[in-house]
Amino acid sequence: METKTIRSLPAFAVSLRRIDQARLPASQVTQLLDQPMVPFYQIDEGDFDKEVASAAHTVAVVADKLRRLASAYGEWNYFDAHAFFDLYPAQVSLLLSMSERVSTVHVSFYADLLLPSFQRMEQYWAQEFVPAYQAGFPFSERTDLRSSFTSHFFEIAQPKLIAYWERTLDVVRAVRQALSDDIGFLSTAGGSEERALWQPLWPEPAARGLADELLPPLEQIPTLTLSTSFPLPAHRQPGRIRRLRRLWARKDWRQRR
């Protein structure tokens, strides 16, 4: 797993803490928006309350889609995710993670990526913040020894990212609060799972030069990531015939005893 896959706030937080190990990243949001999103996924931007209300509606509908996915999945010989979710294939690869296991299907939907606040923050991170960090590094505690690149990082680049980060956190928390009584969201909320996924890459200490505002504990970082698991349709389970034959053989053996 690489931290360049920034599709949620926990993933972004891990990337921040490991910025001294990062190569110049490509923006996931720029790839996502390379083709237009259908209106359903377009969340209002600008005004805080409008973004929260619009995002809450979109996330609730996506959560409902995930709940209906279990019954729809078995109706396809080969599940067409971009048709079911009304996304371009390239968008599916960013917004969705789907894996078939022996007898189950696990799906994650990275709804943080849909937020205008997250999109603005992630693009700024990739296109300006990381280059500014690399130009200003290594950092000196003495301000009189700082280069113009280091001063730019501390005085302009980092305060701007802090503002974007705090706005995104506030939006995600407000959306979660707005959906606190929504059974569809509650049954598919995947925050704990997403944070646990990134825990192995959570470095201690964090990279030098980062402000405390950018370094909250992992367990305090909210996310709108959704996830669900459901049984893999029987006819799609690998080795099903072999397992059934073993089961029949055991039953036959017991009956003959």
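**Entry 1: strands**

I start with a term: two strands pair if DSSP finds at least two bridges between them. With that in hand I went to β1 and β2 in this model, which is predicted. Strand β1 covers residues 96–100 and strand β2 covers residues 104–109; they run antiparallel and are joined by 5 bridges. I looked up the bridge partner of Leu96 in β2 and found Phe109. Further along I noted that Met98 stands opposite Val107 in β2. How many residues does the hairpin from β1 to β2 pass through? I found 3 residues in the hairpin that joins them.

**Entry 2: the whole chain**

Next I stepped back for an overview. I found 10 helices and 3 strands in the protein. Reading along the sequence, I wrote down the pattern α-α-α-α-α-β-β-α-α-α-α-β-α. The protein has 257 residues, and 46% of them are buried. It exposes about 13,700 Å², with 50% of that area supplied by carbon and sulfur atoms. I also looked at contacts between residues at least 6 apart in sequence: 78% of these join residues at least 24 apart.

**Entry 3: the sheet**

Back to the strands, now with the third one included. In what order do the 3 strands of the sheet lie? The order is β1-β2-β3, the sheet is open and the pairing is antiparallel. I marked β1 and β3 (226–231) as the edges; each has a single partner strand, so one side of each is left without a neighbour in the sheet. Neighbouring strands are turned against each other by 10 degrees on average, direction ignored. I then checked what lies across this sheet. Helix α3 lies across β1, β2 and β3, and runs at about 15 degrees to β3.

I picked Ser108 as a visit inside the sheet, since its place is in strand β2. Is Ser108 buried or exposed? With a relative accessible area of 6%, Ser108 is buried, because the cut-off for buried is under 20%. Leaving out residues up to four places away in sequence, I listed what Ser108 touches: Leu95, Leu96, Ser97, Glu193, Leu226 and Ser227.

**Entry 4: the core**

A background note to myself: in soluble globular proteins, nonpolar side chains tend to be buried together. So I looked up the largest nonpolar core here, and it has 74 residues. Those with the most contacts inside this core are Leu69, Phe85, Phe109, Trp125, Phe129 and Trp165. Which helix gives the most to this core? Helix α3 (residues 48–73) does, with 11 residues.

I followed Leu69 a little further. Not counting residues up to four places away in sequence, Leu69 touches Phe79, Phe84, Phe85, Met98, Val107 and Phe230. Met98 is a name I had met before, as the residue opposite Val107 in β2.

Helix α3 also holds Thr58. Thr58 is buried, with a relative accessible area of 2%. Beyond residues up to four places away in sequence, Thr58 touches Phe40, Tyr41, Ile43 and Leu114. I took one distance as well: from C-alpha to C-alpha, Thr58 and Leu115 are 10.0 Å apart in space, while in sequence they are 57 residues apart.

**Entry 5: helix α9**

Which residues of helix α9 (residues 191–198) are buried? I found Gly191, Glu194, Arg195 and Trp198. They cover an arc of only 95 degrees around the axis, which puts them on the same side of α9. The spacing made me recall a rule: an α-helix has 3.6 residues a turn, so residues three or four places apart point the same way. I also asked what covers these buried residues, and the cover includes α1 (9–17).

**Entry 6: backbone oddments**

Last, I collected some backbone details. The peptide bond from Phe137 to Pro138 is cis, with omega near 0 degrees. Pro138 has its place in the loop between α6 (116–136) and α7 (148–178). The bond from Glu204 to Pro205 is cis, also with omega near 0 degrees. Where does Pro205 lie? I located Pro205 in the loop between α9 and β3.

Asp86 was my final stop. Although Asp86 is not a glycine, it has a positive phi of about 60 degrees. Asp86 lies in the loop between α4 (81–84) and α5 (89–95). Its relative accessibility is 46%, so I noted Asp86 as partly exposed.

Definitions and conventions. Residues are numbered from 1 along each chain as its sequence is written. This is a predicted model: local features need pLDDT of at least 70, side-chain atom pairs count only at pLDDT 80 or more; totals for chains, interfaces and linings use all residues. Side-chain values use heavy atoms; hydrogens and water are left out. Buried means under 20% relative accessible area, exposed over 50%, partly exposed in between (1.4 Å probe, protein chains only). Helices (H or I, at least four residues) and strands (E, at least two) are DSSP runs, numbered from the N terminus. The arc is that of the directions from the helix axis to the C-beta atoms. Contact means heavy atoms within 4.5 Å. A nonpolar core is a set of buried Ala, Val, Leu, Ile, Met, Phe, Trp, Tyr and Cys residues joined through side-chain atoms within 4.5 Å. Accessible areas come from the Shrake-Rupley method with a 1.4 Å probe; for residues, only the protein chains shown count as cover. Axes are lines fitted to C-alpha atoms, for helices over the stretch in contact, and angles run from 0 to 180 degrees between N-to-C directions.
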